[in-house]
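Got your viewer open? Load the model and get your selection box ready, and we'll take a walk through it.

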Amino acid sequence: MVRVTLVGQELTGFPVPGPAASVRLLIPLAGRPELVIPEWNGNEFLLPDEQRPTIRTFTPRYYRTKTNELDLDIVLHEDGATSTWAASASPGVPAAISGPGRGYSFDSGASAFLLAGDETAIPAIAQLLEALPRTTPVHALIELAHTDARMALPDHPRTTIEWLDLPAGGAPGTALVAAVEEAHLTEGVRLWVAGEAAAMHKIRQHLFKLRGLSRSDATVRGYWKKRDWPVGPDGLQPADSG
Ligand SMILES: Cc1cc2nc3c(=O)[nH]c(=O)nc-3n(C[C@H](O)[C@H](O)[C@H](O)COP(=O)(O)OP(=O)(O)OC[C@H]3O[C@@H](n4cnc5c(N)ncnc54)[C@H](O)[C@@H]3O)c2cc1C
């Protein structure tokens, strides 16, 4: 994971969102130094040459009002347009954001919280640990594809953190799904879960269909989608994006 700090007068007045909110990050197309702002054609955002821009979603980790700085923590993985950009971005490289989108409105009367996610959810989980009531027990399940991705998380006096290793060759979310399925859910617990889309589908099926939780008890969000084909700058299969 690498921290990218965006800075600029344009960030003045950036509304500090609740925990686990989102922003959309626009970066230059691969190999192009300049950032071109796309235009909405009534259907989608397109660049003047009709190409789709590279826009991805991230968690606005910290915003410092005084210096107009916004931190994003970006997971480095193979082949991602933004991941590749973040790995080599240097001061002065242009980027733009839109947002923020809404954060997680948690139930402050919950008896406990279960947070679960993969590496992409770590920034949001860190914010939740900072925001959740100090007296409520919080259990966090975090799946890592690489064991060296383990990091210090903000202190919460009643938190237990369980790091789960993704088995070699396992589909993303394998360990996370198993851990959520085995979790003991006490009366009044609230869940926040995020990670790879297919794993999130399994977790939704388990929580809402098998365990019979109500939708208001658990927020389950697909943060990314594993694809076995090359993706275009817009994150879609090239054949779909023309
Ligand atoms: C609300 C929200 C908040 C998010 N917050 C964060 C955040 O704070 N930090 C963060 O890193 N991500 C976050 N994500 C996930 C991030 O948007 C995706 O991982 C995104 O696809 C990364 O873009 P990319 O250009 O690097 O890869 P893409 O070009 O989108 O994908 C290229 C290839 O990489 C694969 N891929 C994409 N992401 C991953 C990954 N994490 N691990 C392994 N393979 C991957 C895809 O399956 C595809 O095959 C968030 C998503 C949402 C919806």
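We'll start with the whole chain, then move to a sheet, a few backbone oddities and the ligand site.

**Stop 1: the whole chain**

Show everything as a cartoon first, and keep in mind that this is a predicted model. Colour by secondary structure and you should be able to pick out four helices and 13 strands in the protein chain. How compact is the protein chain for its 242 residues? Its radius of gyration is 19 Å, close to the 18 Å from the globule rule, so the chain is as compact as a globular protein of that length. If you like a bounding box, the C-alpha atoms fill one of roughly 55 × 45 × 40 Å along the principal axes. As for burial, 29% of the 242 residues count as buried.

**Stop 2: a three-stranded sheet**

Now select 2-7 and 60-64, which are strand 1 and strand 6, and add 69-74 for strand 7. Together these three strands make an open sheet, ordered 1-7-6, with antiparallel pairing. Strand 1 and strand 6 are the edges: each has a single partner strand, so one side of each has no neighbour in the sheet. Look along the sheet for its twist; neighbouring strands are turned by 20° against each other on average, ignoring direction.

Zoom in on strand 6 and strand 7, which run antiparallel and are joined by four bridges. Two cross-strand pairs are worth showing as sticks. Y62 sits opposite D71 in strand 7, while Y63 faces L70 across the pairing, also in strand 7. When you look at where side chains point, remember that in a regular strand they alternate between the two faces of the sheet.

Next, follow the backbone round the turn. Strand 6 and strand 7 form a hairpin with four residues between them. Pick N68 in that turn and check its phi, which is positive at about 55°.

**Stop 3: backbone oddities**

Stay with torsions and select E50. Its phi is positive, about 75°, although E50 is not a glycine. E50 lies in the loop between strand 4 (45-46) and strand 5. Is E50 buried or exposed? Because it has just 8 other C-beta atoms within 10 Å, and 12 or fewer counts as exposed, E50 is exposed.

Jump to D79, another non-glycine residue with a positive phi of about 75°. You'll find D79 in the loop between strand 7 and helix 1. D79 has 9 C-beta neighbours inside 10 Å and counts as exposed.

Then check omega between G99 and P100: a cis peptide bond joins them, with omega at about 5°. P100 is part of strand 8, residues 96-101.

**Stop 4: around the ligand**

Finally, centre on the ligand. Which residues come nearest to the ligand? Out of 23 residues around it, those are T59, V75, G80, T82 and W224. By class, the shell splits into eight nonpolar, nine polar and six charged residues.

To see where the shell comes from, highlight strand 5 (54-58), strand 7 (69-74), helix 1 (81-88) and strand 13 (218-224); each supplies at least two shell residues. Then colour by domain: domain 1 (2-102) and domain 2 (112-224) each contribute at least three residues to the shell around the ligand.

Key
Residues are numbered from 1 along each chain as its sequence is written. This is a predicted model: local features need pLDDT of at least 70, side-chain atom pairs count only at pLDDT 80 or more; totals for chains, interfaces and linings use all residues. A residue is near a molecule or strand if its C-beta atom, placed from the backbone, lies within 6 Å of it. Ala, Val, Leu, Ile, Met, Phe, Trp, Tyr, Cys and Pro count as nonpolar, Asp, Glu, Lys and Arg as charged, and the others, Gly among them, as polar. Domain bounds come from an automatic or database domain assignment. Two strands pair if DSSP finds at least two bridges between them. Axes are lines fitted to C-alpha atoms, for helices over the stretch in contact, and angles run from 0 to 180 degrees between N-to-C directions. The radius of gyration is taken over C-alpha atoms; the globule rule is 2.2 Å times the number of residues to the power 0.38. A residue is buried if 20 or more other C-beta atoms lie within 10 Å of its own, exposed if 12 or fewer, and partly exposed in between; C-beta atoms are placed from the backbone.
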